[in-house]
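Please examine the model below, beginning with its overall fold and then turning to individual regions.

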Amino acid sequence: MARAPDPREIKILSDILALVLDEQPGHAATALERIRQMARRDGVTGGALKNLFATRIGTLSGKDETDREKRLREHISGLERRLGQSESDTRTAQMRLGRCQTDLGLIQLELATLRMQRPWRYIAIVFAAGAGLLVGIAGTQFYHSLSVTRAPIDRASYLR
């Protein structure tokens with residue numbers, strides 16, 4: 001993160017800039033190299049240096065600054081509106097996610113219940129069918145036991 005420029009360093013920069021504008025080529029190259037070193041050390045870009053000189057010297061007029069501030073405030077308010085909308089969308093999505101998770105849990109519970117009941121259903125059907133057969137046989141035997149029986153026929157005589 002770039003630190004705030006010291007007034008002493010601004011004085012040094014202005015002196016170096018004066019040397020750059022000097023007509024002696026050796027002094028100008030040395031001064032430019034010194035500016036590059038200071039900018040690298042402090043993490044200052046060319047645009048930041050330009051803005052520093054513009055604001056310190058006062059080349060930007062008051063109207064330009066107020067227009068710029070107005071644009072920046074509009075941009076900030078637009079970003080705040082977008083942030084509010086994003087937060088609202090996030091809350092809506094979280095509510096939907098919660099409902100979906102609840103529905104998923106209920107569906108999984110119902111599926112597990114059905115899976116547990118399935119073997120018992122087959123066992124109950126087999127048991128009911130077996131009980132029905134036994135009751136049917138017993139009922140038939142009971143009916144035949146109550147009916148009048150004729151004298152038994154000796155069938156052994158047919159085999160002679």
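A residue is called buried when its relative accessible area is under 20%, exposed when that area is over 50%, and partly exposed in between. By this criterion, 9% of the 160 residues of the protein chain count as buried in this predicted model.

The secondary structure comprises 4 helices and 0 strands. Read along the sequence, the chain accordingly shows the pattern α-α-α-α. Helix α4 spans residues 62-146, and aspartate 64 is found in this helix.

Aspartate 64 also belongs to a negative surface patch, which it forms together with Glu65, Asp67 and Glu69. The relative accessible area of aspartate 64 is 42%, so this residue is classed as partly exposed. That value is consistent with patch membership, because patches are made of residues with over 30% relative accessible area.

A further region is known from a record: the unreviewed UniProt entry annotates residues 122-143 as "transmembrane region". In the model, this span is 100% helix and 0% strand. Its end C-alpha atoms lie 31 Å apart.

Key. Residues are numbered from 1 along each chain as its sequence is written. This is a predicted model: local features need pLDDT of at least 70, side-chain atom pairs count only at pLDDT 80 or more; totals for chains, interfaces and linings use all residues. Side-chain values use heavy atoms; hydrogens and water are left out. Patches are made of residues with over 30% relative accessible area and no salt bridge: like charges are joined within 9 Å, nonpolar side chains (Val, Leu, Ile, Met, Phe, Trp, Tyr) within 5 Å. Accessible areas come from the Shrake-Rupley method with a 1.4 Å probe; for residues, only the protein chains shown count as cover. A salt bridge is a side-chain nitrogen of Lys or Arg within 4 Å of a carboxyl oxygen of Asp or Glu. Lys and Arg count as positive and Asp and Glu as negative; His and the chain ends are not counted. The place of a charge is taken as NZ of Lys, CZ of Arg, CG of Asp or CD of Glu. Helices (H or I, at least four residues) and strands (E, at least two) are DSSP runs, numbered from the N terminus. Buried means under 20% relative accessible area, exposed over 50%, partly exposed in between (1.4 Å probe, protein chains only). UniProt positions are given in the numbering used here, feature names are shortened, and annotations may be inferred rather than shown by experiment.
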